[in-house]
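Let's take a friendly walk through this fold, one piece at a time. Have the sequence and the 3D view open as you read.

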Amino acid sequence: MSPTPALLVAELEKSGCSCPSAALEPLCTYLSMLMRWNRKMNLVGAHTWQEAASDLVADCLRLADFLDTLPLPEDPLCWDPGAGAGLPGIPLRTVWTRGSYHMIEVRSKRALFLAQVLGTLSLPRTHVHNQNVQSFWGSALADLVVSRAFLPWEEVITLLADHVADGGHIVFMSRMIPEASDLAKVHAGFELAASTSYEGPSGTRTLWAVRKDQARASA
């Protein structure tokens, strides 16, 4: 059974999640492509589009709501390192379209999948880069970094600390929030800015953000 907007709405409602009507068709297309490619490449653990919708897409839609609570610039530069199968990037950009969004994926087959999706959907200012994050970054500093299963949070902060703008945020999609003392040990220039938790199909999920404050690091 292929996803349809009505069926997708029903699946998302099971997770207590809603979706703007304009995003339903693009999400159905993405889920169909994800399942088709998944049979050959094992992109995600979900075996049906219903599982992917209720367990993965729902997380991305919640992320969009969370990002709207953060004090981001009007036109943020956003990085999504280790973009993988496009989660959260592809579903996120169907509903959250601020700034430019760069999915960075070093594995060529996954980057090809992302390019195919972007060639099919009209997602504003959304790009894929087939390289590692160290090769991607340049002089421009990120206002927002989204990390989902990229590296442990400590390594993400250490790796990207010098490439996030002052006042910029790193957002983590995970199952836990570190203690403030543990965060301080990793990098003095970052502080916990916001967090939220909710119940997903496989347990409690957490979205949390750290904000860079160069003044704190220099104190």
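## Helices lying across the sheet

In this predicted model, helix α5 (residues 108–120) lies across β2 (100–104) and β3. The direction of α5 is at about 160° to β3. Helix α7 covers another set of strands: it lies across β1, β4, β5, β6 and β7, and it runs at about 160° to β5.

## The sheet itself

How are the strands ordered? The sheet is open, has seven strands and reads β3-β2-β1-β4-β5-β7-β6, with mixed pairing. β3 and β6 (190–200) are the edge strands, each pairing on one side only. On average, neighbouring strands in this sheet are turned by 20° against each other, direction ignored.

Towards the β6 edge, the pairing of β6 with strand β7 (residues 203–212) is antiparallel and spans ten bridges. Here Glu-199 has Thr-204 in β7 as its bridge partner.

## Around strand β4

Is strand β4 (residues 142–147) mostly covered or mostly open? It is mostly covered, with six of its six residues buried. Strand β1 (residues 77–81) runs parallel to β4 and is joined to it by two bridges; Cys-78 stands opposite Leu-144 of β4.

β4 also pairs with strand β5 (residues 164–174), in the parallel sense and over five bridges. Ala-142 has Val-164 in β5 as its bridge partner. Together with helix α7 (residues 153–160), β4 and β5 make a right-handed β-α-β unit.

## Two helices near the N terminus

Helix α1 (residues 5–14) and helix α2 (residues 21–41) have axes that come within 9 Å and cross at roughly 85°. Angles of 65 to 115 degrees count as roughly perpendicular, and α1 and α2 are therefore roughly perpendicular to each other. On the α1 side, the contact is made by Pro-5, Leu-8 and Val-9; α2 brings Leu-24, Glu-25, Leu-27, Cys-28 and Leu-31. By class, this contact has seven nonpolar residues, no polar ones and one charged residue.

## A loop residue: Asn-132

Asn-132 sits in the loop between β3 (126–129) and α6 (133–136). Why does it count as partly exposed? Its relative accessibility is 33%, and the partly exposed class lies between the 20% and 50% cut-offs.

Setting aside neighbours within four places in sequence, Asn-132 is in contact with Ile-104 and Val-106. Glu-74 is 58 residues from Asn-132 in sequence, and the two are 27 Å apart in space, C-alpha to C-alpha.

How values were computed:
Residues numbered from 1 in each chain as written. Predicted model: local features only at pLDDT ≥ 70, side-chain atom pairs only at ≥ 80, totals over all residues. Heavy atoms only, no water. Buried < 20%, exposed > 50% of the residue type's maximum accessible area, 1.4 Å probe, protein only. Helix = DSSP H or I, 4+ residues; strand = E, 2+ residues; numbered from the N terminus. Pairing = 2+ DSSP bridges. Right-handed = clockwise from strand over helix to strand, strands pointing away. Axes fitted to C-alpha atoms, helices over the stretch in contact; angles between N-to-C directions. Parallel < 35°, antiparallel > 145°, perpendicular 65-115°, else oblique. Contact = heavy atoms within 4.5 Å. Nonpolar A, V, L, I, M, F, W, Y, C, P; charged D, E, K, R; others polar.
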